[in-house]
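The exercises below ask the reader to work through the fold of a protein and the surroundings of its ligand. Each task is followed by a solution that proceeds step by step.

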Amino acid sequence: MAGYIDFDPDANDMPAAGDVNISYAVHPWARRQAVATTAVLQICNYLAEEDIGDRAIIRAARENTASLGVAERCGFRYIAENPSTTDHRPDGLPVIYRTYALNLRDRSNARQAPGLRGGQPSACR
Ligand SMILES: CC(C)(COP(=O)(O)OP(=O)(O)OC[C@H]1O[C@@H](n2cnc3c(N)ncnc32)[C@H](O)[C@@H]1OP(=O)(O)O)[C@@H](O)C(=O)NCCC(=O)NCCS
């Protein structure tokens, strides 16, 4: 198994009603092979097909270049940057989270990951 992906339509700290939080992690040996990109696109297509929520949301720490890259590569749009009220960096400053959103109602957002040739997603839960 290359990693994990999950979605939560009931997350209570989302920017708006109808937002579905997406979270993921890929084992180090499997990184930089579009595993997360493929899994996020598959989950978003599933959410749209099953009519679960209005927007998919990815939140990542500002310095988490890899996760922000996944959001951008999947076509998510940057919407906000906020300091966490609960999470702190080792230096005591709050973690700054960037929020990205993808409109699940706009089917032109339906995409297939580069390199995905059918079958099951590389990361799933
Ligand atoms: C974030 C994470 C899931 C990315 O998984 P991945 O399968 O390697 O991501 P992808 O291969 O789909 O990468 C998609 C894009 O993100 C960016 N990216 C990914 N890893 C990167 C890195 N280490 N440095 C810079 N950019 C990176 C790139 O733009 C990449 O596209 P490219 O390879 O064509 O340049 C993985 O690094 C991870 O598990 N990190 C620890 C857990 C974590 O941060 N989870 C997210 C919490 S919000």
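The exercises that follow concern a predicted model, and they move from the chain as a whole to the sheet, the helices and the ligand shell.

**Exercise 1.** Determine which secondary structure elements the protein contains and what pattern they follow along the sequence.

*Solution.* Begin by counting the elements, which come to 2 helices and 5 strands. Then read them along the sequence, where the pattern is β-β-α-β-α-β-β. As a further description of the fold, 30% of the 125 residues count as buried, and among contacts between residues at least 6 apart in sequence, 68% join residues at least 24 apart.

**Exercise 2.** Work out the order of the strands in the sheet and state which strands lie at its edges.

*Solution.* Take the pairings one by one. Strands β2 and β3 pair in the parallel sense over 3 bridges, with N21 having I57 as its bridge partner in β3. Strand β3 (residues 55–61) runs antiparallel to β5 (residues 94–103), to which 7 bridges join it, and here R55 is partnered by N103. Strand β4 (residues 77–88) is likewise joined to β5 by 7 bridges in an antiparallel arrangement, in which R77 has A101 as its partner. The hairpin of β4 and β5 has 5 residues between the strands, and within this hairpin G92 takes a positive phi near 90 degrees. The result is an open sheet of 5 strands with mixed pairing and the order β1-β2-β3-β5-β4. Its edge strands are β1 (3–8) and β4, each of which pairs on one side only, and neighbouring strands of the sheet are turned by 30 degrees against each other on average, direction ignored.

**Exercise 3.** State which strands each helix lies across, and at what angle each helix runs to one of them.

*Solution.* Consider α1, which lies across β1, β2, β3 and β5 and runs at about 155 degrees to β2. Turn then to α2, which lies across β3 and β5 and runs at about 160 degrees to β3.

**Exercise 4.** Describe the shell around the ligand by its nearest residues, its contributing elements and its chemical character.

*Solution.* The shell has 18 residues, of which R31, A36, T37, A66 and G69 come nearest to the ligand. Two or more residues are given to this shell by each of β2 (19–26), α1 (35–49) and α2 (65–73), and α2 provides the largest share, with 6 residues. Finally, sorting the shell by residue type gives 9 nonpolar, 6 polar and 3 charged residues.

Note on methods. Residues are numbered from 1 along each chain as its sequence is written. This is a predicted model: local features need pLDDT of at least 70, side-chain atom pairs count only at pLDDT 80 or more; totals for chains, interfaces and linings use all residues. Helices (H or I, at least four residues) and strands (E, at least two) are DSSP runs, numbered from the N terminus. A residue is buried if 20 or more other C-beta atoms lie within 10 Å of its own, exposed if 12 or fewer, and partly exposed in between; C-beta atoms are placed from the backbone. Two residues are in contact if their C-beta atoms, placed from the backbone, lie within 7 Å. A residue is near a molecule or strand if its C-beta atom, placed from the backbone, lies within 6 Å of it. Ala, Val, Leu, Ile, Met, Phe, Trp, Tyr, Cys and Pro count as nonpolar, Asp, Glu, Lys and Arg as charged, and the others, Gly among them, as polar. Two strands pair if DSSP finds at least two bridges between them. Axes are lines fitted to C-alpha atoms, for helices over the stretch in contact, and angles run from 0 to 180 degrees between N-to-C directions.
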